[in-house]
Amino acid sequence: MNEHRYDIAIVGSGAGGGTAAQELSPLIRDGLRILVLEQGPRLLEGELTGREIEMADALYTDGGGFLSAEGTMMLAFGRTYGGSTAVYTGTSLIAPERIIEGWGVPGLTHEDVRARSERFASQNNVHYLDEASINDNNRLFVEGCRAAGYEARQFPLNIKGCRGSSLCNLGCPNRAKQGTDQVQLPAAERNGVEVVTRAEVTRIEDHALYVRVTEKRPGEKGAPSEWAPGEYRIRAGIVVVAGGAVGTSALLLRSDLPARLPRLGEGFTCHPAHILVGEHPHDITNDVGHPKSYYMDRAEEEGYVLETCMYFPFVTAKNLSGFGPGHSRLMRAFPRLQMILVLACDRAVSGNRVSVDRGGKPVVHYRYTDEVITALVRATRAAARIFLAAGAVRVHAPSADPPLIEATEADRVDERVDERHFRPGTISVVAAHLMGGCGMGRTAADSVTDGWGRVHDIPWLRVADSSLFPDALQINPYLTVMALADRAVDGVRRDAADLLDGWRPDEPA
Amino acid sequence: MGLLTPVRRPFRALSETFVPETVEMGDPGWARLFEIAEAALRTRPHGVQRQVVLLVRALDGLAFMRHGRSLARLDPTRRRRFLESLQRSRLLLLRRGIWGLRSLVFMGYYARPEIHAELGYRARPEGWEAVR
C-alpha cells in the first residue's frame, strides 16, 4: 500500500470540499500540505457534450439513477471534479432566517450564514438574468403565476457567459456555470492544493484515510487520475469530509471512529420532487435558454416550492406516469411542453436516514410522511393552475388519476389531484437536494458535529457539506453549504496550531 | 451474450407496450435499444441484473397463467391492460418492477439522438445562437 502524509486532507470537491480547499489554501504559504480527494473524474475540454446518457454516466453517482432502499425515489448527486456544483442549474439563494434560527445550533446565527453566503455569491458572479435571456418556459411560469394569483420570484444565478444551452444538469458545455469546478478549485490549485480525482475514500481511521484510486476505463470520459491506480493510506493531521449528505454519512458509518455517534446517518431530508408538464397549443422555447430562472415559494405557508425546469427526453419520459399511446403522445408534444418542478419541504423524521450495506455502499432509507404527500399534492394543484392560467391545453399531474387534466377541467383541479392517487412505485419522485446525516447540534446525543462542523469528541475530523443540516433548508442548498464549509474552515484555522503541533508531513512536497 | 438475451422476446414485447413506436423500429433500432438498456444494467450489481431478468420471466409466466399466452403472443391491447393492472397492483414490489422496466425501455428508446430529432428536442451547446 502506498503511503503519503499531508497536513490537511479534504474528501470531496463540491460546494463544501471546493470551498474548504480554496479557503484553506493560504495555509500553504505557511508550509502546510493540503490534499483534495475526489471520487469522480476531471472532465476534459470538449467532453461536456450535453448528450443525456453519456453525461449522466460521467457526472452522476449511478448515472443519476441512485434509488432509495424502498425503490420509490431517485436521488441525483454529482460525482466529478466540482461535485454537484458541476450539474446544478446555478440557482443561488441565501438561507431563510426562520430556518437557520429554527435549527437552534449553538453559535450558528443567520447573520453569519448570510454574510458568508453573500461573499460567495459575489465571488461566483451571482446575479439576475436579463429580460431578453428569459425563455418561454420561464415567461409562461411568471404569466401563469400572475394570472393564478401567485407571486413568482426570479432566481439569482451564478453564471458567466451563459449561451442558453439549457444543459446545466448535464454539465454546462460552455463552462458558464460558476460552480467550485470553475472558481474555488482552480484557485485552490493555483495556490498549491493537490487535487486527486478518481480517488475513493473507503474508510477513515485515526488520522488516516484509506483510498482507492481507480483506473480510467476504455472509452470513459475524463482525465486519468493524478495518481497511479491502487490502494493508498493517507495520514493527515486534519481531515475535512465533504462528500455530500450520502457520501459523508456513508464514509463515517463504515469507518472505525473513536467516538460513539448514535445520530450518524440520521435526519436525512431531500426535498422530494415531481416534474410536471403542461402542454401548450404551439411550440415554446423550453429547451433553449437558462432552464431555471423563476420560482414560487410557499414553503413557510404550505410546505412546498415550485421551480421552473427543463429536462431531457429520457428524464422527461421516466417522470411522466404510465406508458403506451398516451405517454407517447405527450412525448411527441415535447416542443410544446412547459415544465415545473414541485418540491416538498420535508422534515427530518425518525427512520429517514443513510446507512451502509454489508459491502459498505450507501443506502438511503426514505418513507413519505403524510405531510410530504400533502405538500406534493398542494404543490401539484398550484402548478396545474399556473399551467392552465398560462394557456396550457392540458397538464400532466402524477398525483391525478388519470394523470392528464384538460383545460376544460380547470375548476376541478382540487378534486382531480388528490393524496389518494399518490402511489409510491407508480409515480416518479426525484430528489437532488440531499441534506443531513451528520447534523450539527450540542452533543453526540442530538447531533454528529458542533456548529463548526467538528465531529463530537474527534477534534481532527471535520464535516463541511450539506450533511451538516439538522433539518431541510427549504431552498437550494449550495450557497449555504459554501457558508458552512467556510465556517468549518474558520474552525480548522483556529485549531490548526494545536492539531498540527508535532505533525509534519515527512515527504518532500 | 447480452444480459437481456435470455428474455429478449418478452422484453421486446414489453418495449412495444411501453413505447408503441418501437413496433415500427427496424433491427438496428432494436439493437441500439438493447445495447443501451444492457449497458445501463451492466453498471448495476449482479443481484439487480438477475432480478431484472427474473422479473421479465415472472411477467411472462404471469401473462401465461392469466391469459394462456406469453407476453409476446398476447395481443397488444390485452398486453397493455395486463401491464396497467400490474402497475396499479397493491404490491409495491410489482409496481416498482413495472416502473423499473419501463424506465429501462424509455432509456433505450428516448436517449437516442435520432429520436431527439423526431421529438423536436433542440437543446444544443450553442443555445440561443442555434435557434435565432
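Helices here are DSSP runs of H or I with at least four residues, and strands are runs of E with at least two. The model is predicted.

**Exercise 1. How many helices and strands does chain B have, and in what pattern?**

Step 1. Count the elements: chain B has seven helices and zero strands.
Step 2. Read along the sequence: the pattern is α-α-α-α-α-α-α.
Step 3. Add the extent. The C-alpha atoms of chain B fill a box of roughly 55 × 35 × 30 Å along the principal axes.
Step 4. Add the burial. Of the 132 residues in chain B, 35% are buried.

**Exercise 2. Which elements of chain B touch chain A, and what residue classes do they bring?**

Step 1. Take the contacts: 34 residues of chain B meet 32 residues of chain A.
Step 2. Assign them to elements. Those giving two or more residues are helix 1 (8–18), helix 2 (27–42), helix 4 (76–87), helix 5 (92–110), helix 6 (113–119) and helix 7 (128–131) of chain B.
Step 3. Find the largest share: helix 5 of chain B supplies nine residues.
Step 4. Sort the chain B side by class. It holds 18 nonpolar, seven polar and nine charged residues.

**Exercise 3. Which strands pair with strand 11 of chain A, and in what sense?**

Step 1. Locate strand 11 of chain A at residues 294–298; four of its five residues are buried.
Step 2. Take strand 5 (residues 153–154) of chain A. Two bridges join it to strand 11, and the two run antiparallel. Here A:Gln154 has A:Tyr294 as its bridge partner.
Step 3. Take strand 12 (residues 304–308) of chain A. It pairs with strand 11 over four bridges, again in the antiparallel sense. A:Tyr295 stands opposite A:Glu307 of strand 12.

**Exercise 4. Where do A:Asp62 and A:His271 lie, and is each buried, partly exposed or exposed?**

Step 1. Start from the general rule: most residues other than glycine have a negative phi.
Step 2. Check the angles. Phi is positive, near 55°, at A:Asp62. At A:His271 phi is also positive, near 50°.
Step 3. Place A:Asp62 in the loop between helix 2 (52–59) and strand 3 (66–67) of chain A. Place A:His271 in the loop between helix 7 (244–253) and strand 10 (273–279) of chain A.
Step 4. Apply the cut-off: a residue is buried at 20 or more other C-beta atoms within 10 Å. A:His271 has 26 such neighbours, so it is buried. A:Asp62 has 17, so it is partly exposed.

**Exercise 5. Which peptide bond is cis, from A:Asp401 to which residue?**

Step 1. Read omega: it is near 0° from A:Asp401 to A:Pro402, a cis bond.
Step 2. Place A:Pro402 in the loop between strand 16 (394–396) and strand 17 (404–406) of chain A.

Notes:
Residues numbered from 1 in each chain as written. Chains lettered and ligands numbered in written order. Predicted model: local features only at pLDDT ≥ 70, side-chain atom pairs only at ≥ 80, totals over all residues. Buried ≥ 20, exposed ≤ 12 C-beta atoms within 10 Å, placed from the backbone. Contact = placed C-beta atoms within 7 Å. Nonpolar A, V, L, I, M, F, W, Y, C, P; charged D, E, K, R; others polar. Pairing = 2+ DSSP bridges.
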